[in-house]
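Dear colleague,

Please find below the structure that I am handing over to you. A short account of what was found in it follows.

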Amino acid sequence: MTALTASPAWQNLENLATKIKTQHMRDWFAADPQRAENFTQSACGIELDFSKNLITDEVMQALQTLASECQVSEKSQAMFAGEIINHTEKRAVLHTALRNFSGKQVLVDGEDVMPEVLACQKKIQDFVASVHSGERKGYTGKPLTQIIAIGIGGSFLGPKIMSEALKPYWFEGVKVHYVANVDGCHIQDVLASVDHQETLVVMSSKSFTTQETLQNTLTAKAWFLGAGGSQQDIAKHFIAVSSNIKAATEFGMAEDNIFPLWDWVGGRYSLWSAIGLPIALTIGYENYRELLQGAFEMDEHFQTAPIEQNLPMILALLGVWYVNFFGAQSHVLLPYYHYLRGFPAYVQQLDMESNGKRISGSDTAVDYATGPIIWGSEGTNGQHSFHQLIHQGTVLVPADFMLPLKVPNQDNTHHAMLASNCFGQTQALMQGKTFAECKADLAAKGLDDATLESLATHKTMPGNKPSNTLLFKQVDPKTLGALVAMYEHKVFVQGAIWGVNSFDQWGVELGKELGNQVLDKLVNTDADLNFDASTNQLISKFRQANG
Ligand SMILES: O=P(O)(O)OC[C@H]1O[C@](O)(CO)[C@@H](O)[C@@H]1O
């Protein structure tokens, strides 16, 4: 047993879980008219109804005790203070400094990082203004109306998904295309759709070593030169965002065209840095600043709200409850808003790359589950596919439903239908439908007793399936910023409880290394194959097909 699983707080939760598993949420709602109100909290434009969870006051208190025993708030103070909490990479973790509107200093190694952060924000502001006004032009004098944003992982998901979510705020006259994968089909399609004279390429790579991003940029550069641009025109059409200024200049980026970021910004936490430049180009700098402001307000809420009112804390503790005491292996995100359709993929990287870990801070393997599989897609589409498993399958899948109460420029018929589906799903998951209720329905249809008994077993819905409902007045930049920061802090709290380092990602390295070794054998077709038999066979087939 590790210290965590042996702790009194953990043991207490195990006992409570055994008790809770014999009860049904349906009965709690029937017995307590205040339940919904008691288990609803709001902050920063987000209302969280967590009453449809397998919890009682006693459970929530026990979870809060666990958080205190794991020193979550002390660990969070260390993060905000710029301490080296990413101990395997010896780095501070300060994405919060990128949206720090408090006017206070943020020290890393005794030095205030805020002047550099503010200077970079000013550079973004000026750059966006020069593109939007048409003052910054391409080499033939045309305005830059087509932006190709090249990057992958955290250098792609944040900009793409947040821009998509803010469609009602798009600046007219500029179109941003995203390219992440090294699959040539994508970049070719995008290049074929734009005029090189009007195109600005924003290459985003914190490390400036990522294969996909480097190759896609080289392809874009070759296309630009092939279409009539010259080497000296590159500076007008190619810019980079990177913490590796040396590699970016060696690659050919003009120094003035490089937007910096710092090693204390993790890739999956980087949308608040210049990695967010494509967002600012899409929605304008003022709206982009609102996004940052929303995140800042959530940071303040996370640091100051009491644990029982603290949205990231509540979400994190509920997640721990299901992962560690109910055996839940996944968590589904269900935005009922088309423009937020990419949000599950965003949280997927944020959560799985952060807490998909098995070694704790004491350098030993954990004996408890850590980060779950995060998945999901927009409602109502999922209702007609995977919701079946959530309702009647054999695994427990806690869900976060999300709905803006108002959507811009929309006829209420659609929105009311969308909301009714969202609320109806949470209701069905919670209450289910008993065998007796199913039988009564079938009897009313005049079915004979044998058919009725048999069919009713199949139609019975156990219910008691947990879900959170997150309501927003609307998905404006500020609320979206708060929403993203809320999930960041949720992930932080869980990592703090599980004792893992949420800020490294060694697991992705081996694949990159082996991929490069394989690439060498694919390109050098005479080279001996000395991998395992399966990999050798796959390489041979590729060589034959492309020989
Ligand atoms: O911005 P970079 O350095 O190109 O990295 C892209 C992504 O690659 C990863 O390291 C994973 O491969 C992510 O953490 C990161 O967001």
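Leaving aside its neighbours within four places in sequence, which residues is His331 in contact with? The model is a predicted one, and in it His331 is in contact with Pro372, Ile373, Ile374 and Trp375, with Pro398, Ala399 and Asp400, and with Lys490, once those sequence neighbours are set aside.

His331 itself belongs to strand β10, which covers residues 330-335. Is this residue buried or exposed? Its relative accessibility is 8%, and because buried means under 20%, His331 counts as buried. One of the contacts listed above is also polar: the side chains of His331 and Asp400 form a polar contact at 3.0 Å.

I turn next to the ligand. The ligand sits in the largest pocket. There are 13 residues around the ligand, and those that come nearest are Gly154, Ser155, Ser205, Ser207 and Thr210.

Three distances describe how oxygen of the ligand is placed relative to polar atoms of the protein. A polar backbone atom of Gly154 lies 2.7 Å from an oxygen atom of the ligand. For Lys206, too, a polar backbone atom is 2.7 Å from a ligand oxygen atom. With Glu353 the side chain is involved: one of its N or O atoms is 3.0 Å from an oxygen atom of the ligand. On its own the ligand has 390 Å² of accessible area, and the protein covers 86% of that area.

With kind regards

Key: Residues are numbered from 1 along each chain as its sequence is written. This is a predicted model: local features need pLDDT of at least 70, side-chain atom pairs count only at pLDDT 80 or more; totals for chains, interfaces and linings use all residues. Side-chain values use heavy atoms; hydrogens and water are left out. Helices (H or I, at least four residues) and strands (E, at least two) are DSSP runs, numbered from the N terminus. Buried means under 20% relative accessible area, exposed over 50%, partly exposed in between (1.4 Å probe, protein chains only). A polar contact is a pair of N or O atoms within 3.5 Å; within protein, one must be able to donate a hydrogen and the other to accept it, and residues adjacent in sequence count only if both atoms are side-chain atoms. Contact means heavy atoms within 4.5 Å. A residue is near a molecule or strand if one of its heavy atoms lies within 4 Å of it. Accessible areas come from the Shrake-Rupley method with a 1.4 Å probe; for residues, only the protein chains shown count as cover. On a 1 Å grid over the protein atoms alone, a cavity is a set of points where a 1.4 Å probe fits but cannot get out, and a pocket is an open set with protein on both sides within 12 Å along at least five of seven lines; lining residues have an atom within 4 Å of a point. A molecule sits in a cavity or pocket if more than half of its atoms lie within 2 Å of its grid points.
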